[in-house]
Structures are given as C-alpha cells and as structure tokens.
Number of protein chains: 4
Amino acid sequence: MIGGGQGAFIGGVHRMAMRLDDRFELVAGVFSSDAERNLSTALELGIEQARCYADHVALLAAEAAREEGAEIIVIVTPNHLHFPVALAGLEAGLHVVCEKPMTLTQDEAEQLARAVEESKRCFLLAHNYAGYPLVQHARELVDRGALGRLRHVQVEYVQEWLSETPPDDNRQAAWRLDPAQAGAAGCLGDIGVHAFQLAQFISGQRVSEVSAELITAIPGRVLDDNVQALLRFNGGARGMLWASQTSPGFENELSIRVIGEKASLQWAQETPNELWFKPLNGPSQRLTRRDDALSDGVSRGIRLPGGHPEGYIEAFANLYQALADKLSVDQPSAWLPGIDDGVDGMRFIAAALDSNQKQGAWTALVGAEDANE
Amino acid sequence: MIGGGQGAFIGGVHRMAMRLDDRFELVAGVFSSDAERNLSTALELGIEQARCYADHVALLAAEAAREEGAEIIVIVTPNHLHFPVALAGLEAGLHVVCEKPMTLTQDEAEQLARAVEESKRCFLLAHNYAGYPLVQHARELVDRGALGRLRHVQVEYVQEWLSETPPDDNRQAAWRLDPAQAGAAGCLGDIGVHAFQLAQFISGQRVSEVSAELITAIPGRVLDDNVQALLRFNGGARGMLWASQTSPGFENELSIRVIGEKASLQWAQETPNELWFKPLNGPSQRLTRRDDALSDGVSRGIRLPGGHPEGYIEAFANLYQALADKLSVDQPSAWLPGIDDGVDGMRFIAAALDSNQKQGAWTALVGAEDANE
Amino acid sequence: MIGGGQGAFIGGVHRMAMRLDDRFELVAGVFSSDAERNLSTALELGIEQARCYADHVALLAAEAAREEGAEIIVIVTPNHLHFPVALAGLEAGLHVVCEKPMTLTQDEAEQLARAVEESKRCFLLAHNYAGYPLVQHARELVDRGALGRLRHVQVEYVQEWLSETPPDDNRQAAWRLDPAQAGAAGCLGDIGVHAFQLAQFISGQRVSEVSAELITAIPGRVLDDNVQALLRFNGGARGMLWASQTSPGFENELSIRVIGEKASLQWAQETPNELWFKPLNGPSQRLTRRDDALSDGVSRGIRLPGGHPEGYIEAFANLYQALADKLSVDQPSAWLPGIDDGVDGMRFIAAALDSNQKQGAWTALVGAEDANE
Amino acid sequence: MIGGGQGAFIGGVHRMAMRLDDRFELVAGVFSSDAERNLSTALELGIEQARCYADHVALLAAEAAREEGAEIIVIVTPNHLHFPVALAGLEAGLHVVCEKPMTLTQDEAEQLARAVEESKRCFLLAHNYAGYPLVQHARELVDRGALGRLRHVQVEYVQEWLSETPPDDNRQAAWRLDPAQAGAAGCLGDIGVHAFQLAQFISGQRVSEVSAELITAIPGRVLDDNVQALLRFNGGARGMLWASQTSPGFENELSIRVIGEKASLQWAQETPNELWFKPLNGPSQRLTRRDDALSDGVSRGIRLPGGHPEGYIEAFANLYQALADKLSVDQPSAWLPGIDDGVDGMRFIAAALDSNQKQGAWTALVGAEDANE
C-alpha cells in the first residue's frame with residue numbers, strides 16, 4: 001500500500017474492505033512521506049518494520065527480491081502520485097489498485113492504459129460506488145431493457161465539507177485544494193468524476209459531449225469547488241451533472257436518476273439499500289437487496305439478508321472480492337471498474353475544463369468519438 | 001371566467017380555489033368555444049344562461065353594461081388566448097387573473113405590462129406554487145439572510161404524462177402539443193416557466209443568462225418535451241433547471257434546492273407541508289407549517305394546524321385570498337405573482353429558445369440586464 | 001350549524017369542506033353560547049341576522065316554520081352537546097352531521113341509533129379520515145382479498161399539542177380537558193376513537209375485545225391523555241392501538257398498518273397521497289391517487305391528477321360530497337361513516353374505560369358479540 | 001467458535017465483525033455437528049484441521065492444553081446450546097461471546113449470571129443493535145435529560161420471513177420453530193428480546209411488568225410467531241412492544257420511539273444512520289453520525305465520515321471493538337451488552353409467557369422488583 005498513513009481517510013477504508021472477506025493480506029507499505037508517521041502506521045497495522053519502505057521505488061525493488069513479495073500495489077495517495085506509482089507497479093509486474101481520479105491528465109491516462117495492456121496485469125480503479133449491489137442491479141435492469149430506450153440521466157454528487165476555508169491541519173482538504181497535488185480539476189476531479197462514472201456505469205452509454213461551467217465559490221481558492229454540466233450520451237440520452245463540495249447540509253449525497261421510455265430508476269448513496277423502479281403509469285416500486293430478479297453476479301456482493309443494512313465498506317469490499325475472484329479463478333467480472341473507466345474519466349475532466357474555458361461550448365470527449373460508431 | 005369547460009383541468013381548480021374562502025362569486029363566463037359545452041358548463045355551475053357568452057368580447061361588452069357586472073376576468077384558456085383576452089379585459093377596466101405562460105411571446109408580454117401599468121388594475125398570474133405557505137417561508141428565510149449569500153439553485157419540474165403520444169381525445173394534451181395554441185415553447189412554456197418562477201421567487205435573484213438545450217423525446221412531436229438548462233443569476237448564484245414531461249414514474253415532481261453559504265433549503269411540491277432547512281455542519285431540520293418563525297404574511301395562508309395536510313387547492317386559494325385582500329383593503333401582498341413574473345417568464349422562454357438555437361450558448365435575458373446593476 | 005364560532009377549529013373546516021364542491025349552503029346557525037361571538041360569526045359568514053339563533057331549540061323551531069328552512073343540522077360543539085342536539089335535530093326532521101365522539105355514553109349512542117332508524121334521516125358522523133381516497137382504496141384492497149386473511153392491525157394517533165398544561169385562553173384545549181364537556185374519555189374519546197374507527201373501516205373487521213391502559217401524563221389533569229391498548233377483532237385479527245396527545249414532535253400522526261397473509265398495507269395521515277402495498281417477498285409499492293385499480297367510488301373523491309397533493313380539507317369535503325350524492329340521487333355510499341360507527345365507537349370507549357378499571361383485563365365490546373356470528 | 005457452519009447466518013456475521021478491525025483471530029472451532037460440514041467450514045476459514053473439534057468439550061480441553069490456546073469462546077449455535085457451552089467456557093476460564101436469547105430459561109440465566117460473577121471473565125451478549133452509534137447516542141441523549149422525564153416507549157421488530165411454512169431445507173427456520181432447540185418462546189425469544197433490550201438500553205429504564213399476548217399465525221406451528229405486549233417501566237414510562245415474523249413486506253424493521261416530556265426520539269434499524277430528535281413545538285431534527293454532540297464513546301464506533309453509510313456489520317463490529325478495548329486496556333464500556341441484559345431478557349420472556357397464560361394479566365418480571373427501589 002502506498003499512502004494511507006494515520007490521519008488519512010481512504011487508506012483505512014481500503015484496509016477494512018480487504019479484511020472483510022479475508023482474501024488479501026497487507027504485507028508492506030509506504031504509508032507516509034513523513035518517516036515517523038510511516039513507521040508508526042506500519043507498526044499499528046502489524047506490518048514488519050523491514051517491509052515499511054521510504055518510497056515506492058524502494059518498495060517495488062525490495063518486494064521483487066523477496067520469495068513471496070507483494071503481488072498487488074494499492075495506491076491511496078494524493079492524485080499526482082497515482083500515475084508514476086501505478087506505472088512503476090505495472091512495470092514491476094504487480095497488479096494495481098488505484099484511487100481516482102486515475103491520473104492528472106488525459107495523456108497520462110492514455111499512457112497508463114497502454115502500460116496496462118502491455119503488462120497483462122489487473123488494474124482496478126476505486127470507483128467504489130459501482131460496488132453497491134443495487135447499483136449493479138440498476139445497470140442490469142437498464143441492460144435488460146427494463147427501462148426501454150434511455151432519455152435522460154440526472155446525476156449529482158453534493159457535499160458540504162469544503163463550504164468554508166478548512167483549518168490548516170485538515171490534511172484531507174489541504175492536498176485536494178492544491179493544484180500541484182490534486183491536478184487542474186478540484187471538485188470536478190474529486191467527486192465529479194465519480195458522478196460521471198456512475199452515470200456511464202448504470203446507463204451503459206458513454207458521454208460523448210459536455211457543456212460545463214466550473215465555479216469556485218470560496219474566495220481565494222484556486223480550483224473549482226462546484227460543477228454544473230449538461231451531457232450528451234452516445235446512445236442518445238441527455239443528462240445533467242451537478243457536483244459540489246460547498247453545499248451546506250449535504251453530507252455525501254451522490255444520487256442518480258435514469259429516465260427511460262418505459263420506466264425510470266432512482267438510487268441515492270446515503271440510502272444504498274433501496275432502488276426505486278418507477279414504471280410508466282404504475283406504482284413506484286422499492287427494490288431492495290432481496291429482489292428476486294438479482295443476477296448471480298449481483299448476489300455475490302450481498303453478505304446479509306434484506307433489511308440488514310449494508311453500506312460503504314461492504315460496497316468497497318465488493319471491489320476487492322471481485323478482484324480476488326478474478327485473480328484466483330480468473331472469473332471475469334462484468335462490472336469491476338478499471339483502466340477504461342479511468343481513461344473515460346480523464347477525457348471527461350479534460351473536456352469539461354475545455355468547455356469551461358470556452359464559455360460552456362459543447363465539447364467532445366476526445367477519443368470518445370469512436371464509441372459513437 | 002374564460003375557458004374551463006367540462007373536461008378542462010385548471011378552470012375547475014380556479015373555481016375550487018375561489019370557493020374555499022368564499023370571497024369571490026363566479027357570475028359569468030365563456031367556458032368553451034363549443035356552444036353546447038359552454039352552456040352545459042354554465043348551467044352546471046349555476047350561472048344564469050344570460051351571462052354565459054359566446055366569446056370574451058361579448059362578455060366584456062355585456063358585463064360592462066350591467067349594474068353589477070363582473071369585476072375580474074379569469075383566463076384559463078389555452079396559451080394563445082391569454083394575451084388578447086387579458087388585454088381586452090384590462091381595457092374594459094377589469095382586474096385580470098391569467099394562467100401561465102402569460103403570453104405567446106416576449107413582445108406580447110411587454111405590451112401587456114404597459115397595459116397593466118396604464119390600467120391601474122390588478123394582474124394576477126397563476127404561478128400557484130408561490131401560494132404554498134412553506135414556499136413563501138423559504139423565500140423569507142432567504143431574504144432574512146438565514147442562508148447567507150446564495151451559491152446555487154437547483155430546480156426541476158418533472159412529469160410523466162406526455163411520455164407517450166396521447167390519445168386523440170385527450171384535450172389537455174392536444175392543445176399543449178400544438179404550436180398554434182401553445183406557442184413556440186412546449187414543456188418549457190408549460191412547466192419550465194413554473195420552475196423558473198419558483199427559482200426566482202425563493203432566491204430573490206433574477207436569472208440574467210441561460211444556457212439551454214431543448215429536446216423532443218417523442219418522435220413526430222413538434223415542440224420540446226424536455227428541457228435542460230444552466231442558469232446564472234444576477235446576485236451571483238448559479239443554477240440548473242430540468243423540466244420534463246416524458247419521465248415515467250414522475251407525477252408532478254416540482255422541487256427546488258437553494259444552496260447558501262450558511263445553509264441550504266429543500267422543498268418538493270408533492271410533500272408541500274415540509275421544508276428542509278439544512279445548516280452547515282448541523283442536523284437538518286424539518287420545518288412545517290407550525291414553525292414559530294413564520295411571518296404573519298405566511299401564516300395568513302394557513303387554514304389548518306400543523307399535521308393536517310394542506311395541498312394544491314389550498315395553495316391556489318392563497319392566490320385568490322391575497323387578491324381579495326388587495327382589492328378589499330388594499331393590503332399590498334409581498335408575494336402575489338403578477339405582471340413582472342410574466343414578463344420575466346417570457347424573457348426566459350425567449351432566451352432559452354434562442355440559446356437552444358445557438359447550441360447552448362449563454363444567452364442574456366433581454367431586459368434583465370438592468371436588474372444586474 | 002351548531003357551534004363553530006370564531007376561535008373554534010373544526011367548524012371552519014366543515015364550512016370549507018361544504019364550499020369546495022358548492023353543494024351546500026350555510027343558512028342559519030348557533031355559533032356560540034356567547035351572544036356577541038355568535039352574531040359576529042354569523043355576520044362574518046354572511047348569514048342574515050334573523051337566522052342567527054340563541055340556541056338549537058330556537059333554531060329548530062324557527063327554521064321549521066320557514067318555507068325553505070334548513071334541511072341539515074351540523075353539530076360541531078363540544079362533546080356533551082352532540083347527543084341532545086342530534087336527537088332534537090332528528091325529531092325536527094332534519095338530517096344530521098355530527099362530530100365525534102358521537103355521544104358521552106354508550107347508552108346515549110344506542111338511544112340515538114334508535115332515533116336515527118325511526119327518523120329515516122341521514123346521519124353522518126365526522127370520521128373524516130375515511131374521506132381520504134387512499135384510505136377508501138385500502139379498505140377495498142382488503143375487501144377484494146389482496147391481503148389475504150388479516151393477521152394484525154397496528155394503528156396509532158399521536159399528537160403533541162397537550163404535552164403541557166395549555167394556557168387558559170386555549171379554548172380548544174379547555175373543553176377537551178373538562179369531563180363535563182368532553183365526557184369520561186379524554187384522549188381516548190378525542191382521537192383514540194378516530195384510530196379505532198379507521199382500524200375497523202379499513203380492516204372490515206370489528207373489534208370484539210379490548211385490553212386497555214389509560215394514562216394521564218400531565219399532573220393535575222383529570223382525563224387520560226395517553227392510551228395503549230391491545231385489540232381482538234371478530235375476524236381473527238389482533239391489533240394494537242396507541243393514542244397520545246402528550247408526545248412532543250408529533251403533529252397529527254395518525255397511521256395504520258394492516259398485515260395480511262399475502263401482503264401488508266401502510267398509510268399515514270400526514271402523507272395521505274401515498275399508500276404502501278407490501279406484498280410477501282416482493283418489492284413494496286407506493287400506490288398513489290392515480291392507481292389504475294381505484295374503483296369508481298374512490299375516484300369520485302379525487303379532484304386533481306396524481307402528484308397534485310390533496311389534503312385534509314379535500315378528504316373532509318368527500319364526506320359532504322357523499323352526503324350530497326346520497327340526498328340528491330339517493331346513491332348509497334359504501335363508506336360514509338354514520339350511526340353504526342358512532343355506536344361502535346362508544347362501545348369501544350366504554351369497554352376501554354372498563355378494561356382500564358380492571359387492570360387491563362380483556363373486555364368485550366357489549367353489543368359487539370352479535371357481530372361475531 | 002461454536003456453531004456457524006456453512007449455511008448458517010449469524011456465525012459469518014461474527015467473523016466479519018471480528019475481522020473489520022483486525023483485533024481478533026479465529027483459531028479453533030466446532031462449526032457443525034455434521035462432521036463433514038464442520039471440517040469443510042474450518043478449511044474454508046483457514047483453520048488448521050487439528051483445531052477443528054467434534055464438540056465444545058473436546059475444544060475446551062484441547063485448547064486449554066495448548067500454549068496459546070483460545071481465550072474467547074463465541075457461541076453462535078441454536079438456543080438450547082447457549083447455556084451449557086457458555087457455562088463450560090467460563091469454567092474453562094475463557095471469556096464468552098454468546099448469541100441471544102441467552103438461555104432457554106430464567107433459571108439457566110440466573111445460574112449463568114452467578115457463573116460469570118465467579119469467573120471474573122467477560123461475558124458479551126450479542127445484542128448487536130446496541131452497537132449502532134446512533135443507538136448509543138439516543139441512549140446518551142436520554143441520559144443527559146434531553147427528553148426530560150420519559151413518558152412512553154414504542155418499540156417493534158417486524159419481519160416477514162416466517163410468513164409461510166418454510167421449506168424443509170431452510171436450516172435457519174428449522175431450529176427456530178422447534179421448541180427443543182429454540183425454547184418455549186418463538187418470535188418472542190428470537191426477536192422480541194432484541195426489541196426489549198433496545199427499549200431498556202435507550203430508555204435507561206427497566207421493564208417491571210408486562211401484559212402480553214402470544215399469537216401463532218401459521219397453522220401447525222408450535223411456537224408463537226407474533227407478540228403484542230404492553231409494558232410498564234420502573235422509571236414510570238409505559239410502552240408497547242410488537243414483534244412479528246409473519247408480516248409480509250417487512251424485512252427487518254426494528255424501530256423504536258421514545259417519548260419524553262421535552263422531546264421524542266425515533267430510530268429505525270433499516271435506516272440506521274439517522275436519528276430523529278423531535279423537540280416539543282420545534283422542527284424535528286435529523287441527527288446523523290456527524291452530530292457535534294456525540295460523546296467520545298459513541299464516536300469510537302464510527303469508522304467513516306457522515307454520509308458514508310455504515311450498517312449492520314459495522315454495528316456488530318462495535319461489539320467486538322468494545323470487547324477488545326475492555327480486554328486490552330481494561331477500558332470499561334458503558335454500553336456493551338452483557339450478562340445483565342441476558343438475565344433481564346430471560347425474565348422478560350418468562351413473564352411474557354406467564355402473562356399470556358393468564359389472559360394478558362399484568363405480570364411482574366421476577367427479580368426486577370429490586371430494580372424499582
């Protein structure tokens with residue numbers, strides 16, 4: 001594991017997700033650039049001191065030299081390190097689990113995609129919301145035609161936590177507001193890309209064009225903290241995307257509505273154990289994890305009977321479970337987010353930044369044209 | 001009353017709204033261009049046959065000649081008749097209650113505005129959602145600064161009822177889908193303008209620019225039945241507006257969220273007796289009609305104790321109640337929608353149509369620039 | 001109308017309900033025992049002074065003497081006057097609309113039942129919650145067998161408004177807390193009887209036995225302000241009833257759940273436009289007023305399309321509409337609450353008071369045994 | 001671990017709960033009385049074959065003989081084995097984690113209590129719903145006086161899964177419906193006791209008397225599958241308890257409402273990340289895990305920021321986390337359910353069975369009288 005020292009958020013989530021099904025063992029890491037924090041984190045996690053490294057280069061070299069060295073590298077650093085570490089990991093022959101946004105630029109993303117292809121290694125991108133069983137069920141309902149031809153996708157990801165200038169010791173906030181570590185996209189890259197991925201994931205369509213406006217609500221901030229965008233999908237649907245980190249009272253309100261000619265779907269991350277299916281002219285139905293129509297693939301990610309709530313960690317664990325399935329029995333996962341999601345995400349970010357520069361002009365996702373054919 | 005014959009929808013609502021507080025009497029009308037339906041409607045309503053007229057010209061002439069002729073003209077016809085009838089009504093010295101969208105064009109709207117000003121008559125535009133007490137309370141909370149400076153307005157009005165080509169005998173649908181009667185804006189004019197009005201009403205800011213895409217989901221249909229738009233407000237807020245009449249499972253889902261620097265508000269028309277106040281970092285609060293902080297003006301529109309649900313008709317009746325107050329005691333209503341809302345609405349429609357023609361380019365609401373100063 | 005002077009609550013509701021469909025005219029009344037308030041209420045309502053009477057005896061005599069005297073007497077007084085006024089009204093040949101609880105005692109109720117039968121007049125008991133279309137739909141779903149054999153009925157009516165000792169000038173509270181005016185049952189008679197009626201109304205079963213505990217939460221109060229009871233129904237279902245007027249944060253939370261072997265139903269008065277149908281092993285469905293399966297009888301009480309909320313006044317108006325239908329075209333109403341509901345309600349109150357005296361012993365509703373056969 | 005073989009439910013939950021924070025290691029077990037299933041479960045869990053035992057006697061003997069033998073015994077068997085295994089575990093000097101209901105009888109419970117006291121070992125009873133942070137917060141709000149004196153507790157636990165006679169191969173159902181394995185209480189012992197514990201846990205009051213009716217809805221079934229009961233608490237509150245396993249459409253609907261003189265609380269297990277605080281006359285507040293007022297003890301059980309849903313497994317893991325805290329740093333946990341909850345639970349079951357025999361007569365919880373002083 002690279003990153004995830006004490007005080008970080010997502011590293012700990014990865015570790016809990018790995019533990020839940022007991023199919024991974026954390027054996028080595030670079031948890032912090034601060035040597036003391038690095039070591040104390042390792043010790044707390046029960047990792048032997050010898051396998052707590054100063055940087056990822058040292059880790060990769062040393063682990064390669066071990067008989068039973070690490071096989072997977074998990075990257076939970078600030079954004080700017082995703083690309084070099086992932087590339088190095090692939091080159092060292094490791095599978096990669098990487099946080100989003102995948103890279104800082106579209107170029108890096110495409111370069112990484114080539115490296116993945118050449119490496120024949122697995123690449124898992126941590127679009128964890130795809131791990132929720134009912135998100136996967138939504139995707140399958142669309143795929144089975146339960147909604148008919150899609151008309152509209154309404155997606156939003158709204159938070160409050162950057163509504164004010166954060167205190168200096170908020171390490172989560174510090175790197176996210178710093179272009180050198182976060183990249184050129186702020187809210188857009190941090191959560192907008194989650195909303196984008198979810199929209200493509202469930203709709204089964206790819207965004208071909210975007211008209212975006214990036215807003216910085218807090219004076220003095222460099223990066224956007226609010227995004228409003230219109231979308232055109234390659235399958236004909238239209239859509240709207242709203243991402244915000246400056247909306248008081250919103251904790252982690254990622255939600256999506258997909259409108260088809262025969263029915264609509266609604267799902268919201270804060271109540272992840274229900275999925276609304278709204279047929280034309282009929283009563284809306286509250287689907288839950290006990291729904292009869294769940295495929296085996298979806299059911300695999302359910303650990304508890306209906307009515308026993310599963311949450312964020314369980315969904316996250318489903319990414320790792322699917323990865324373990326893939327590595328152990330080479331079971332192809334229909335849904336595991338990977339390098340393609342990452343490339344699309346970085347194309348979306350690039351196009352949105354570009355559209356914003358051009359006063360919201362509709363801007364094609366470069367590379368996405370092929371998908372239109 | 002002009003319009004509102006048997007089989008119509010909104011005319012009946014106006015009549016129930018008038019009756020609820022017993023401050024108006026329906027005395028004359030032209031209920032249909034179909035003579036038979038016209039008369040049978042009148043009889044059913046207990047209106048004497050002599051005051052059931054063939055057209056509004058006849059009505060205005062005859063009523064003017066009566067000792068106690070009608071004092072108010074209520075226009076509940078298809079859109080294309082709003083302007084000529086309203087103009088004629090004002091010229092005859094009557095107060096006017098008119099359905100939205102106010103006119104077919106911005107020119108007509110501005111012409112009507114001049115006529116209202118010259119006439120010194122009251123002009124009530126039926127933006128009935130402004131009649132809900134908690135909508136008025138939301139507006140006052142914004143005005144009092146409870147949200148701080150506004151950042152974002154998210155408004156939507158989503159229906160399913162035109163998701164398919166309606167049967168020929170659906171008279172409600174027929175005129176709405178016919179540009180000759182509905183005007184150049186379909187869904188945009190029918191419900192988009194309600195969402196627009198609500199956004200301005202609560203935020204206290206005026207939309208200065210719009211970037212819009214109009215979509216026609218149903219093949220063969222001439223007018224838009226879906227609208228997605230980005231908004232810029234003159235007070236600095238941004239916003240998004242989605243209107244749709246082709247979204248299965250959505251009955252009449254008008255809702256709005258207003259994001260400020262200190263708190264956010266949420267209100268949805270289908271659950272109108274609750275208003276969510278979401279302060280930064282604090283628990284969200286479910287305000288109801290019993291909220292202590294309601295002003296006298298808002299309380300005036302409440303007929304029942306908290307927990308006894310009031311709905312659409314009661315909100316509509318509040319328009320009439322406020323009109324009656326204004327006419328009887330010349331009590332100025334802070335909130336009664338009128339000619340200015342109508343002019344703004346038609347400017348919005350014109351700018352949205354224009355933006356759509358120009359591939360979503362940001363388009364100023366002509367006339368609205370002044371408001372920016 | 002007897003009662004309903006300025007400052008009263010339910011009288012005004014009756015008047016709005018009557019007006020909504022314009023099928024009744026309020027022509028005479030005794031609005032208050034306070035002469036001044038009586039007259040000023042009459043004038044405010046546009047009733048001629050000559051028909052504003054000092055008491056119901058005077059009213060009945062004078063109206064009987066008129067060519068077109070009042071035909072219906074509406075009783076919206078404190079409880080202790082229901083019985084004598086209703087009886088006098090029937091004897092004078094008028095139809096009766098009466099508030100609940102119908103009388104002070106079971107004896108009075110049975111005496112009144114005989115008077116109704118002899119009089120051949122209509123008797124409407126204001127169990128207004130039966131007027132909600134989805135409550136009627138729930139009743140029909142049970143009757144059609146959509147739930148299978150019933151197992152359990154869970155009903156509650158919870159309010160906060162008597163959580164503290166009310167101020168002296170709260171006239172609503174004053175008579176309700178006074179046994180001389182309210183009778184021997186406090187919360188039990190005021191709202192418990194609504195919950196009871198709703199349970200019987202929807203389940204189609206009659207309560208045969210009750211085990212009740214009456215509680216007085218506020219020191220110094222004479223009557224119960226909290227009721228908890230277990231129920232046995234004559235069709236085999238069991239049930240629980242909770243009524244409270246001392247529960248902070250509860251405005252008017254009447255709700256019911258009916259459990260059958262095939263499905264369950266849920267309805268709550270504060271969100272009256274949705275009815276939950278929960279089939280065994282399947283997704284719960286949110287039925288609304290647009291549900292296809294509504295009978296003509298239920299549809300008759302719907303004035304607006306789905307998604308346009310109807311509330312308390314509309315439900316109340318449905319009682320008057322059904323009464324008007326009955327009187328004008330002698331259309332039998334399947335659901336209009338009447339004298340039988342009143343007798344059952346008073347039997348329930350008597351049995352609950354008795355059970356409470358006997359430390360919660362199961363107590364039969366006297367007279368209800370016949371229903372078991 | 002005793003129990004929890006393949007096909008069981010709760011054993012797997014315990015294992016996931018233990019893993020989440022990585023503070024326990026599963027080293028030995030008797031997973032099934034079926035030798036083959038026993039072994040295959042052990043192998044699947046990565047337990048060495050030598051530590052997979054034929055029964056708990058063998059396990060305790062062998063582990064005692066090991067240098068680093070098991071220190072804790074986790075009992076996830078059918079009910080009838082809880083008592084003998086727990087007793088044997090304590091006698092062998094192990095800490096005990098035990099599923100509910102703690103024993104088959106009140107006598108066993110009291111005997112076990114004495115054994116716990118003598119052993120000086122920790123005893124954790126798996127009342128997992130106490131592990132939810134917002135349940136603990138509710139308890140603390142009551143304790144701090146935020147509700148004032150309590151008036152009423154409304155608790156229910158409603159499921160559908162035994163609505164029909166289950167198929168023979170449903171092992172979960174089979175032992176629960178068999179008095180030899182489940183004891184004399186069916187639904188009452190399986191989930192009624194959870195509701196009871198939750199009511200005491202949050203209210204801080206103990207139930208002193210119960211009036212209960214036990215119902216068997218499904219013909220041919222021996223044990224109760226529905227419970228309705230009235231409660232009296234030693235602090236003066238009253239309450240109602242409903243437990244059902246035959247209610248279609250209810251998945252795992254455990255919920256509680258606590259009514260005080262100043263405010264009420266509501267919590268429902270299926271939406272565990274919100275807690276409603278309903279003050280008298282004020283707006284209801286939706287408290288979440290980010291609430292400022294959370295104590296350190298409650299915060300300790302929160303692994304994710306607000307808006308990132310935590311569920312059943314996380315709450316369960318909080319039991320193990322608190323146990324680990326207690327064992328490692330001897331940190332006393334204010335809330336960890338233990339032997340006292342178990343004794344009270346069995347007293348409640350005994351009293352409810354007794355009351356049911358006596359036609360619902362109020363029946364004291366024997367032993368609970370002391371608590372009243």
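How much area is buried between chain D and chain C? About 3,500 Å², and carbon and sulfur atoms give 52% of that. Before I go on, keep in mind that this is a predicted model.

So who is doing the touching here? Chain D puts in 44 residues, and chain C puts in 44 residues as well. On the D side, the residues that lose the most area to chain C are R151(D), Q228(D) and P248(D), together 17% of what that side buries.

Now the polar side of things. There are 8 salt bridges between chain D and chain C. One pair you can look for on the screen is R232(C) with E213(D), where the closest N and O atoms sit 2.8 Å apart. On top of that, 22 residue pairs are in polar contact across the interface of chain D and chain C. If you're wondering which strands of chain D touch chain C, those supplying at least two residues each include β5 (150-158), β6 (207-215) and β7 (226-233). The largest share comes from β7(D), with 6 residues. By class, that side of chain D has 16 nonpolar, 16 polar and 12 charged residues.

Okay, symmetry. Turn chain D by 180 degrees, with a shift of 0.0 Å along the axis, and it lies on chain C with an RMSD of 0.0 Å. That's the relation of a two-fold axis. If you want to find the axis by eye, go to A361(D): in chain D, its C-alpha is the nearest to the axis, at 3.3 Å. And the same surface serves both copies, with 100% of the contact residues of chain D recurring in chain C.

Next, the other contact I wanted to show, chain A with chain C. Here 11 residues come from chain A and 11 residues from chain C. The buried area is about 880 Å², with 46% from carbon and sulfur atoms. On the chain A side, P283(A), R286(A) and R290(A) supply 46% of the area buried against chain C, more than any other three residues. How many salt bridges are there between chain A and chain C? The count is 0. There are, though, 4 residue pairs in polar contact between these chains. The strands to look at in chain A are β11 (274-279) and β12 (284-288), each supplying at least two residues to the side that touches chain C. β12(A) gives the largest share, 4 residues.

Last bit, from the record: an unreviewed UniProt entry lists residues 7-125 of chain A as "domain: Gfo/Idh/MocA-like oxidoreductase N-terminal". Over residues 7-125, chain A is 46% helix and 10% strand.

Key. Residues numbered from 1 in each chain as written. Chains lettered and ligands numbered in written order. Predicted model: local features only at pLDDT ≥ 70, side-chain atom pairs only at ≥ 80, totals over all residues. Heavy atoms only, no water. Contact = heavy atoms within 4.5 Å. Buried area = accessible area lost by both parts, 1.4 Å probe. Salt bridge = Lys/Arg side-chain N within 4 Å of Asp/Glu carboxyl O. Polar contact = N/O pair within 3.5 Å; in protein donor to acceptor, adjacent residues only side chain to side chain. Nonpolar A, V, L, I, M, F, W, Y, C, P; charged D, E, K, R; others polar. Least-squares fit on C-alpha atoms with pLDDT ≥ 70 in both. UniProt positions renumbered as here; feature names shortened; annotations may be inferred.
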